[in-house]
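Please look over the sequence and the structure below before reading on. The notes that follow are written for a reader who is meeting them without earlier acquaintance.

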Amino acid sequence: MAFSINVKVDKLNDLKKYVDYVNGLSKMRNDTRFQKFIQDKCLETVRRITDQRLTGGTTNDDLIGEYKARHKIRKESNGFVLYNDTILPSSMISTQHLQDYPNGFSVALAFEYGVGIVGQNNPVAGAWEYNLKDYNFGWYYQNYGEVFHTYGYSGFEIYRYTAAEIEDKLPKWVKEYMKKERGVNND
């Protein structure tokens, strides 16, 4: 992350303003209020992007609400991690596929990257075939006893879009915090 600070010093008071700004930036790494401010901004961002991008039409539509509620922050020694750990519990996976997902199927990863996309959408020649294992253009699955057919779905890339927006807005958020909480302004 890069910050640009416009330094135009005509008087000693102007220099003090910029020194205070830089000192404030250096203290923010250990400032728990700042960390909470940025974490809240990140959670707001991922929730808004989830609402915009996750519009349904998946084999996991019944889990969209749970997915939206499971965006979390995990504190680390050098910052924090924004993540989602929504899974389809192993009790909801057919016994035929249980050995493939002993800890449950990651709905969070499926929403991010997609699942079972129709092969003709793959631009790599020869990367797909139809009627493998007698599947005819997709597959059938059971959900609470009801049988459905699916071709799969594309990923919604919620966290990719979130990361790009956070990277773009982080300098603005830092300035917003400095102005609001520390009374320092570098406009």
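The points below deal with the nonpolar core, with helix α5 and with aromatic rings.

This is a predicted model, in which local features need pLDDT of at least 70 and side-chain atom pairs count only at pLDDT 80 or more, while totals for chains, interfaces and linings use all residues. Residues are numbered from 1 along each chain as its sequence is written, and side-chain values use heavy atoms, with hydrogens and water left out.

**Nonpolar core**
- The largest nonpolar core (buried Ala, Val, Leu, Ile, Met, Phe, Trp, Tyr and Cys residues joined through side-chain atoms within 4.5 Å) has 30 residues, and among those that touch the most other members are Ile-38, Tyr-67 and Trp-173.
- Helices are DSSP runs (H or I, at least four residues) numbered from the N terminus, and α5 (158-181) gives the most to this core, with eight residues.

**Helix α5**
- Although α5 has 24 residues, its end C-alpha atoms are only 30 Å apart, short of the 34 Å that a straight helix would reach at 1.5 Å a residue, the expected span being 1.5 Å times one less than the number of residues.
- A kink of about 45 degrees lies at Lys-169, shortly before Pro-171, where the bend is the angle between axes fitted to the seven residues ending at a residue and the seven starting there.

**Aromatic rings**
- Tyr-177 in α5 and Phe-37 in α2, 140 residues apart, form a tilted pair, with 5.4 Å from centre to centre and 50 degrees between the planes; rings of Phe, Tyr and Trp (its six-membered ring) pair if their centres lie within 6.5 Å, and planes under 30 degrees apart count as stacked, over 60 as edge-to-face and the rest as tilted.
- Tyr-177 is buried, with a relative accessible area of 1%, since buried means under 20%, exposed over 50% and partly exposed in between (1.4 Å probe, protein chains only).

Key
Helix = DSSP H or I, 4+ residues; strand = E, 2+ residues; numbered from the N terminus.
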